[in-house]
Amino acid sequence: RLLRSLITPGGNLRAENVTLRTLIEDAYQMKPFQLTGGPRWIDQDRFEVLAKGDGSATPDQVRLMLQALLEDRFQLALRRENREATISHLVVKNQPRLSPSEEGTRQQFSTRAQPDGTVNHVSFKGTSMARLADMLSRQMGHMVEDRTGLNGAFDFEFEASRDPTEPNPFVVPWAPSLGQIGLKLETTKGPVEFFAIERAEKPSAN
């Protein structure tokens, strides 16, 4: 079972069966494409991390705690640098076709392949535009920023045509379908922060 690091009530941190790469991404809130370098085991070995906060720690403070833990237990050393790279802005194209989520709606995402395998029905519940931008960024492999100005969580859905050269029917590019919900991506260039692993060591057993 895979579980990304979760910040739980009381400022605690819980992560099970995760790689060091995942822990780094969560600690620094980075996308996978922003991290380079490191030994092969950072993508293979699995770890469990349980850390207890002081009861009033904010999510940002818990992430700082995780950064300190990685430096201490894994001897992690990162080099940061800003580089010119592709950036897409998620913007409103016309009247957004988004329904405000009912209070208490849990964030959900699902995709369903149509019988002919050419189109996926993609559905979101309780999802903010910032979260959609984050998911697009991970899918496209470059930074996507929310510039819609739309606050809160929404329910929405669209049909996404899949690439016929892609054997996995659930791998579908969403960007061409955003017009169905009144959104679009505008792509430009700009400074993006990248991280390179300069040092990482396996921790000794407790």
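A residue counts as buried here when its relative accessible area is under 20%. The model under discussion is predicted, and this cut-off is applied to its helices and cores in what follows.

Helix 3 offers a convenient point of entry. The helix comprises twelve residues and spans 16 Å from its first C-alpha to its last, close to the 16 Å expected at 1.5 Å a residue. Its buried residues are M129, L132, A133, D134, M135, L136 and S137. In an α-helix there are 3.6 residues a turn, so residues three or four places apart point the same way. The cover over the buried residues of helix 3 includes strand 5, strand 7, strand 8, strand 9 (143-146), strand 10 and strand 11. After the helix comes G141, which has a positive phi near 80°.

Attention may now pass to an open sheet of four strands, whose order is 6-10-8-7 and whose pairing is antiparallel. Strand 6 (99-100) and strand 7 (108-113) are the edge strands; each has a single partner strand, and therefore one side of each is left without a neighbour in the sheet. Strand 6 pairs with strand 10 (residues 153-161) in the antiparallel sense, over two bridges. Within that pairing, P100 has F154 of strand 10 as its bridge partner. Helix 3 (residues 129-140) packs on this sheet, where it touches strand 7, strand 8 (119-128) and strand 10, and its direction makes about 135° with that of strand 8.

Strand 8 also holds N120. What is the relative accessible area of N120? The value is 0%, and because the cut-off for burial is under 20%, N120 is classed as buried. The side chain of N120 is joined to that of T111 by a polar contact of 3.0 Å.

Further pairings involve strand 11. Strands of a sheet pair through backbone hydrogen bonds, either parallel or antiparallel. Strand 11 (residues 183-199) takes part in a parallel pairing with strand 3 (residues 35-37), over three bridges, and L35 stands opposite F195 of strand 11. With strand 5 (residues 77-92), strand 11 pairs in the antiparallel sense over 16 bridges; here A77 stands opposite R199.

Helix 1 (residues 20-28) is mostly covered, with nine of its nine residues buried. Among them are the charged-type names R21, E25 and D26 as well as L20, L23 and I24. Immediately after this helix, Q29 adopts a positive phi of about 50°.

The description of helix 1 leads to the largest nonpolar core. Which members of this core touch the most other members? Of its 23 residues, they are L20, I24, W41, L70 and I197. Two or more residues of this core come from each of strand 2 (12-18), helix 1, strand 4 (47-51), helix 2 (59-73) and strand 11. Helix 1 supplies the largest share, five residues. Apart from this core lies another, of 18 residues, which includes M129, V144, W174 and I181. M129 is also one of the buried residues of helix 3.

The contacts of L70 show how one member of the largest core is surrounded. When residues up to four places away in sequence are not counted, L70 touches L20, L23, I24, A27, Q75 and L76. Of these, L20, L23, I24 and A27 are among the buried residues of helix 1.

Terms used. Residues are numbered from 1 along each chain as its sequence is written. This is a predicted model: local features need pLDDT of at least 70, side-chain atom pairs count only at pLDDT 80 or more; totals for chains, interfaces and linings use all residues. Side-chain values use heavy atoms; hydrogens and water are left out. Two strands pair if DSSP finds at least two bridges between them. Contact means heavy atoms within 4.5 Å. Axes are lines fitted to C-alpha atoms, for helices over the stretch in contact, and angles run from 0 to 180 degrees between N-to-C directions. The expected span of a helix is 1.5 Å times one less than its number of residues. Buried means under 20% relative accessible area, exposed over 50%, partly exposed in between (1.4 Å probe, protein chains only). A polar contact is a pair of N or O atoms within 3.5 Å; within protein, one must be able to donate a hydrogen and the other to accept it, and residues adjacent in sequence count only if both atoms are side-chain atoms. A nonpolar core is a set of buried Ala, Val, Leu, Ile, Met, Phe, Trp, Tyr and Cys residues joined through side-chain atoms within 4.5 Å.
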